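Here is a short tour for anyone opening this structure for the first time. Have a look around the fold, and then we'll walk through a few spots together.

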Amino acid sequence: MSFLSPRFPAALAAKGRLGANRWLLLRRLSQFGILGLFLLGPLAGLWLVKGNLSYSLTLDTLPLADPLLVLQVLFSGHRPEGLALLGAAIVLAFYLLVGGRVYCSWVCPMNLVTDLAGWLRERLGLKGSAHISRRSRYWILGLTLLLPLAGAGLAWELINPVSMLHRGLIFGLGAAWTVVLAIFLLDLLIMSRGWCGHLCPVGAFYSLLGRTSLLRVSARRRQDCDDCMDCFAACPEPQVIRPALKGEANGTGPVILASACTNCGRCIDVCAKDVFVFGSRFNQHTQRCAPAGEAEGQTDHRKTIH
């Protein structure tokens, strides 16, 4: 599947095909690797990981639980088992550190479906798109938590496409095909990046979780930006880029602090000028590339700190 399409020629010329898709390839390795670990049990009898993304037990020792699911259970008036609470705490701590929406770009199997829809949409030249506020996902998230309080139990989990797809891949898709196909067609025909970018309450939950995360993308060399707009074209949440990339005039640092950022690294891949890097939320340094011919090791006095 050509997610490695040559639509960013400047990056391909500067970095080569692998260099211009490094983080994308690592993401795919992560997504398929996680699926593979869950499938080893049912398919090969090697139960390194038991369960699914809602709750799993690794090597019969490490519990991992979906914190949003655990919240729904609590709001429904039930007390989750101790291992589920421990598993949710471990997941919470991890995403508080690395960024909540890392889940969306590095773990969630629905990302493979919506990325495929986006790639096909581009290849077919489909331009029209419905307009739904990105804040809608937070209203839907609120509804998923209100339903258990209102006595509807875990109503969201009955139609949660993330859970349905993951369980379906492990135990057989069945009716899950309908939900997955509906989201694929939504992203392909109705709204670009509609599900992940505008509607998914799971992504909304993890974005709230990652507001204070340590790992961030930084436009460290934003002075070298040539306004090619490739980063905006590649980013699944392009609205997060501008403040960090163009905020020098009003004193905004180069670190992307918006919680909607998925830390997918795609802006790093497609930038021929190497403007973007992964780093800490506290590293607000900017740096300009040394011009050709500058002596090796010479101090760059144009480095600034905001």
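Let's start at one residue: asparagine 263 counts as buried because its relative accessibility is 5%, under the 20% cut-off. Keep in mind that the model is a predicted one. Asparagine 263 sits in the loop between α14 (241-246) and α15 (266-270). Its backbone has a quirk, too: asparagine 263 has a positive phi of about 50°, although it is not a glycine.

Methionine 229 also has a positive phi without being a glycine, with a value of about 75°. You'll find methionine 229 in the loop between β4 and α13 (230-234). Is methionine 229 buried or partly exposed? With a relative accessible area of 39%, methionine 229 is partly exposed.

**The whole protein**

Now step back. The protein has 15 helices and 7 strands. Its radius of gyration is 21 Å, close to the 19 Å that the globule rule gives for 306 residues, so the protein is as compact as a globular protein of that length. Along the principal axes, the C-alpha trace spans about 65 × 40 × 40 Å.

How much of the protein counts as buried? The figure is 45% of the 306 residues. About 15,100 Å² is exposed, and carbon and sulfur atoms supply 66% of that area. As for charge, there are 30 positive and 18 negative side chains, and the centres of these two sets lie 3 Å apart.

The chain also makes plenty of links across its sequence. Taking contacts between residues at least 6 apart in sequence, 71% join residues at least 24 apart.

**Valine 217 and its surroundings**

Asparagine 263 turns up again here, as one of the contacts of valine 217. Valine 217 lies in strand β4 (residues 215-218) and is buried, with a relative accessible area of 2%. Which residues does valine 217 touch, leaving aside neighbours within four places in sequence? Besides Asn263, they are Pro254, Val255, Ile256, Cys267, Phe276, Val277 and Phe278. Valine 70 is another story: its C-alpha atom is separated from that of valine 217 by 30 Å, with the two positions 147 residues apart along the chain.

Glycine 279 is found in strand β5 (residues 277-280). At 25% relative accessibility, glycine 279 counts as partly exposed. Again leaving aside neighbours within four places, glycine 279 is in contact with Leu214, Leu215 and Arg216. Val255, which we met as a contact of valine 217, has its C-alpha atom 8.3 Å from that of glycine 279, and these two residues are 24 apart along the chain.

**Aromatic rings**

Next, the rings. A pair of aromatic rings is described by the distance of the centres and the angle of the planes. The protein has 7 aromatic pairs. Two of them are set out here:

| Aromatic pair | Centre to centre | Angle between planes | Arrangement |
|---|---|---|---|
| Tryptophan 23 and tryptophan 106 | 6.2 Å | 75° | edge-to-face |
| Phenylalanine 205 and tyrosine 206 | 5.4 Å | 80° | edge-to-face |

What does the tryptophan pair tie together? Tryptophan 23 lies in helix α2 (residues 22-44) and tryptophan 106 in helix α5 (residues 102-106), so the pair ties together parts that are 83 residues apart in sequence. Tryptophan 106 counts as buried, at 15% relative accessibility.

Phenylalanine 205 and tyrosine 206 are both buried. They also belong to one aromatic cluster, together with Phe94, Tyr95 and Tyr103.

**Over to valine 91**

Tyrosine 206 leads us to the last stop, since Tyr206 is among the contacts of valine 91. The others, once neighbours within four places in sequence are left aside, are Leu64, Ala65 and Pro67. Valine 91 has its place in helix α4 (residues 82-98) and is buried, with a relative accessible area of 11%. How far is valine 91 from alanine 182 in space? The C-alpha to C-alpha distance is 29 Å, and the two residues are 91 apart in sequence.

Notes:
Residues are numbered from 1 along each chain as its sequence is written. This is a predicted model: local features need pLDDT of at least 70, side-chain atom pairs count only at pLDDT 80 or more; totals for chains, interfaces and linings use all residues. Side-chain values use heavy atoms; hydrogens and water are left out. Helices (H or I, at least four residues) and strands (E, at least two) are DSSP runs, numbered from the N terminus. The radius of gyration is taken over C-alpha atoms; the globule rule is 2.2 Å times the number of residues to the power 0.38. Buried means under 20% relative accessible area, exposed over 50%, partly exposed in between (1.4 Å probe, protein chains only). Contact means heavy atoms within 4.5 Å. Accessible areas come from the Shrake-Rupley method with a 1.4 Å probe; for residues, only the protein chains shown count as cover. Lys and Arg count as positive and Asp and Glu as negative; His and the chain ends are not counted. The place of a charge is taken as NZ of Lys, CZ of Arg, CG of Asp or CD of Glu. Rings of Phe, Tyr and Trp (its six-membered ring) pair if their centres lie within 6.5 Å; planes under 30 degrees apart count as stacked, over 60 as edge-to-face and the rest as tilted.
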